[in-house]
Structures are given as C-alpha cells and as structure tokens.
Amino acid sequence: MSEGDQEREGEPLKLREKAYASFTERLLAREIKPGQFVTQRELVAMTGFPLGAIRELIPRLEAEGLIKTVPQRGMQVAHVDLNLIRNAFQFRLFLEKEATAAYARNASDAEIAEQRERHVAIVRRAEAGEEGQALIEEAEDVDRLMHEAIIDHLDNDIVSQAFRVTWLKIRLIRQYETRIHNSIIVPVMQDHLKIIAAIESRDPEAAAAAMSEHIGNARNRALHY
C-alpha cells in the first residue's frame, strides 16, 4: 500500500474520531441532553460533521451505550438514571480494584510522589478557604488524572478505552446528579490520599480496599444526591 493510500485510509478514521469528540463535548456541555431523541441530520447540525462521518459514528455510540435505537422513534441519547449510576460504578469497581493493586506493586516512586503532591496542593487550597469554579475544575482534573494513571499503568488499550467510556458516563452522572463541589473537595482528596498512602506502602490489598471504599463513597453520593 502506498503512502498516499495509507493517508487516504486514515482520513475517515480521523474524521470519525473528531466526530466522536464533538459529540461527547456537546453531550457534556448539555447541548445534547440525556434521554433526547436525535436524528442523523440533527447530529450533523449539532456536531458540524458530514452525514457520512455521523453514520460511521453511530455504531460506536451504540456499542458504548451512549445512544440506543428505539423502534419507531429513532435514536435516543442514554438516560442518566439509577441503572446507569449502578452499572457505571460497578464497572469502575471491577476495573480499578485490580488496576490499583497492580499500580501499588509496579508504579515508580516518582510517579506516586507526584500524585501525592497534586492532592496535597488541592487540600491546602481548600482548607485555606479558597472557593470557586477554578478550584473545582482543578480538583476534578487531579481526580481524573489519578484514576487514568492507575488504569493506564496496566498498558492495556482495551481496558483503558473501556475505562474512558465509563468515565464519560460518570461525568454525565456528575453533571446531572452530583459533582465535585467545594463541600466535598477535601473528602474526595482525602479518599485519594488513603489510596496513595497504601500505594506508597506497596500494599496491593490495602490499596485495592481503599479504592473500593472511594468508589463506594462516590456511588453513594450519586445515588443519594
């Protein structure tokens, strides 16, 4: 296959990835709402991508549970409901317990120290009385980056992709049910610091248990918000 052929084959894939990113950005921005019925042409208008790219995107969205086809009604964006909450957090638990145990065994001291430093900085700012959207967004980034680092340390593309789809659903749940806000920044960061302490001790069982507790706390906040 020539270099030009490879480039042409890569173009549709790149377009599909951009269309996927556009869809998820609009979903998180609430321009596309959970439970909403949409047509392919509406998705073209919402995302700005051509019909061909949208048609190729839909099977992925269906496979990831972000859209489902309802007979005689069309395509419906996933609902944020109790079933989604329970399923998403249960799946996280399955993935992250094992991943955290492996991370405790194999992560470098420097990487673990960097995780601790990020969390301590957020706690100090919150305990000093800082409030507002900037701190919330930075806390959410620290939260996400730790979980992604633990998952990606497995070096398994299938697990990493499955985790990111689940994390997207968690972000939807946070937007419509609960999210990290000023009153829970410190408790969430302290949950993480318990996990980090067990990882620093190179205790896989304690690290997995601390992660289980953390995910349970997050699930309970979503269920009882």
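## The largest nonpolar core

In this predicted model, the largest nonpolar core holds 64 residues, and among these Phe23 and Ile173 touch the most other members. The element that gives the most to this core is helix α8, which spans residues 182-200 and contributes 10 residues. As a general background to such a grouping, nonpolar side chains in soluble globular proteins tend to be buried together.

Phe23 can be followed further through its surroundings. When its neighbours within four places in sequence are left aside, Phe23 is in contact with Ile32, Leu43, Thr47, Leu57, Leu61, Leu66 and Ile67.

## Leu193 in helix α8

Helix α8 also contains Leu193. Is Leu193 buried or exposed? Leu193 counts as buried because its relative accessible area is 16%, and the cut-off for a buried residue is under 20%.

Leu193 also shows how parts of the chain that are separated in sequence can meet in space. Leu193 and His119 are 74 residues apart along the chain, and yet their C-alpha atoms are separated by 7.1 Å. Beyond its neighbours within four places in sequence, Leu193 is in contact with Arg116, His119, Val120 and Val123.

## The chain as a whole

The protein chain has 9 helices and 3 strands, and these elements follow the pattern α-β-α-α-β-β-α-α-α-α-α-α when read along the sequence. Of its 225 residues, 43% count as buried. Among the contacts in the chain with a separation of 6 or more, 75% are made by residues 24 or more positions apart.

## A buried lysine

Lys169 lies in helix α7, which covers residues 157-176. Which side chain of opposite charge is the nearest to Lys169? That side chain is Glu64, at 7.3 Å, and Lys169, although buried, has no salt bridge. The reason lies in the cut-off, because a salt bridge needs a side-chain nitrogen of Lys or Arg within 4 Å of a carboxyl oxygen of Asp or Glu.

Glu64 nevertheless appears among the contacts of Lys169, which also include Gly65, Leu66 and Leu84 once neighbours within four places in sequence are left aside. Leu66 is a residue already met above, as one of the contacts of Phe23.

## The second largest pocket

The second largest pocket has a volume of about 250 Å³. It is lined by 14 residues, of which Tyr20, Thr24, Arg164, Val165 and Leu168 are the closest to its centre.

Which helix supplies the largest share of this lining? Helix α7 does, with 6 residues, while α1 (3-28), α6 (133-152) and α7 each supply at least two residues of the lining.

## Two loop residues with positive phi

Most residues other than glycine have a negative phi, and two loop residues in this model can be set against that background. Phi of Gln72 is near 70°, a positive value in a residue other than glycine, and Gln72 sits in the loop between β2 (67-70) and β3 (74-77). Gln72 counts as exposed because its relative accessible area is 88%, and the cut-off for an exposed residue is over 50%.

Asp155 is the other example, with a positive phi near 55° in a residue that is not glycine. Its place is in the loop between α6 and α7, two helices that each supply at least two residues to the lining of the second largest pocket. With a relative accessibility of 68%, Asp155 also counts as exposed.

Methods. Residues numbered from 1 in each chain as written. Predicted model: local features only at pLDDT ≥ 70, side-chain atom pairs only at ≥ 80, totals over all residues. Heavy atoms only, no water. Helix = DSSP H or I, 4+ residues; strand = E, 2+ residues; numbered from the N terminus. Buried < 20%, exposed > 50% of the residue type's maximum accessible area, 1.4 Å probe, protein only. Lys, Arg positive; Asp, Glu negative; His and termini not counted. Contact = heavy atoms within 4.5 Å. Core = buried A, V, L, I, M, F, W, Y, C linked by side-chain atoms within 4.5 Å. 1 Å grid on protein atoms, 1.4 Å probe; cavity = no way out; pocket = protein on both sides within 12 Å on 5 of 7 lines; lining within 4 Å. Points joined across faces, edges and corners; volume = space filled by probe spheres on them.
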